[in-house]
Amino acid sequence: MPSSDKSTKRQDVQPVPVNPPDQRFARQTDFSGDGWRVFKIMAEFVNGFEKMSEIGPAVSVFGSTRVVQGDREYALAEEMGRLLAAHGFAAITGGGPGVMEAANKGAQQAGGHSIGFNIKLPNQQKSNPFIDRDKLVTFDYFFVRKVMFLKYSQAFVVLPGGFGTMDEFFEAVTLIQTRKSARFPVILMGGSYWDGFYRWMHDTMCHQKGYIGQEDLDFIFLEDDPGKVIDIILGFYPEGYCLNF
C-alpha cells in the first residue's frame, strides 16, 4: 500500500524559480511607485471630465481598426457619424484608424462634435485626422478610458471588430445588467457578423442555460440601417438624456 506520509512527499518537490518580470512591464511592478501613480490616474480622469463637461448627448462608435476606406463597414461608420451629427449627437470613438476614423470623419464633415479617446499602445496607435483638436483625449490606462465611454454615451453603436470591440460591448452590458450604469441602447451593426453571436446569447445563454434573463437582452439591438439606429436611440429617451452614472 502506498505511503500516505505527506511530509515525505513534500521533500521530493523542488521549488520552481520565478523569472523576473519582462522589462516592458517592470515599471508597472514597482510597488514603491504606486502611490504616485494614483495622481497620474486622477489626472487622466480630471482631464477627461473637463473635456466632456459641456459636450451634451453623445454616442460611442466601436469597430475594427483594420477596416479600410472602401469597406462596407467603413461606409456604415461614416454614415453613422454623419447622422449622429445631424441629430445633435457628438460622435465618440477610440480615436484610431478603421471604423473609428470613419465615424469621426462623418461627424466632423457634418459639422458635429468629433471626439477621440485615444490610448497609448506598444504598437503606437496614432489618432486619426478627423478628431476635433480640442476634443482629443489620450489615455495610458484602459480602465480610465472605459469610464469615459460609459459615463458620457447615450448609446453604443458596435460595428464588426475584434477583442477590443467585444471588450467594450461586454463592459457596457455587464454594467447595465448589474445596474452600475443606467440603461442605454447597445446596437450591433453588421448583421451577418453579429447574427450568430446574438442568437447564441439569446438561445444558449438566456433560454437554454438561463445564465442571463430576457431583460438583459432588451437593450441590445441588431440593426444595419443607420437611420433606424437613430430612431432606436431617440426612442429610448422619451424624457431626455442624462449621464449614466
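**Contacts and overall make-up**

I began with contacts in the protein chain between residues at least 6 apart in sequence, and found that 69% of them join residues at least 24 apart. I note here that the model is a predicted one. I then listed the secondary structure and got 8 helices and 7 strands. The chain has 245 residues, and 44% of them count as buried. For the surface I wrote down an exposed area of about 13,800 Å², with 55% supplied by carbon and sulfur atoms.

**Helix α3**

I looked up α3, which runs over residues 72–86 and has 15 residues. From its first C-alpha to its last, α3 reaches 21 Å, close to the 21 Å expected at 1.5 Å a residue. Which residues of α3 are buried? I found Tyr74, Leu76, Ala77, Met80, Gly81, Leu83, Leu84 and Ala85. I next looked for what covers them, and the elements include two strands given as β1 and β2 (90–93), the helix α4 (99–109), β5 and α8 (226–236). After α3 comes glycine 88, and I noted its positive phi, near 85°.

**Helix α6**

I turned to α6, residues 163–177. This helix has 15 residues and spans 21 Å from first C-alpha to last, close to the expected 21 Å. In α6 I marked Thr165, Glu168, Phe169, Ala172, Val173 and Ile176 as buried. Seen down the axis of α6, these buried residues fall within an arc of 120°, so they line one face of the helix. What do the buried residues of α6 pack against? I listed the strands β1 (58–62), β5 (155–158), β6 (186–188) and β7 (220–222), and the helices α5 (142–152) and α7 (191–208). Just after α6 I came to arginine 179, which takes a positive phi of about 60°.

**A nonpolar patch on the surface**

I went back to the surface to look for nonpolar side chains. Which residues make a nonpolar surface patch of about 490 Å²? They are Trp36, Val38, Phe39 and Met42. I picked phenylalanine 39 from this patch and placed it in helix α2, residues 34–52. Is phenylalanine 39 buried or exposed? Its relative accessible area is 52%. The cut-off for exposed is over 50%, so phenylalanine 39 counts as exposed.

**Left on the page**

I kept two entries to compare by eye in the structure: the buried residues of α6, which line one face of that helix, and the exposed phenylalanine 39 in α2.

Key: Residues numbered from 1 in each chain as written. Predicted model: local features only at pLDDT ≥ 70, side-chain atom pairs only at ≥ 80, totals over all residues. Heavy atoms only, no water. Patch = residues over 30% accessible without salt bridge, like charges linked within 9 Å, V, L, I, M, F, W, Y side chains within 5 Å. Areas by Shrake-Rupley, 256 points an atom, 1.4 Å probe, with all protein chains shown as cover. Salt bridge = Lys/Arg side-chain N within 4 Å of Asp/Glu carboxyl O. Helix = DSSP H or I, 4+ residues; strand = E, 2+ residues; numbered from the N terminus. Buried < 20%, exposed > 50% of the residue type's maximum accessible area, 1.4 Å probe, protein only. Expected span 1.5 Å × (residues − 1). Arc of directions from axis to C-beta. Contact = heavy atoms within 4.5 Å.
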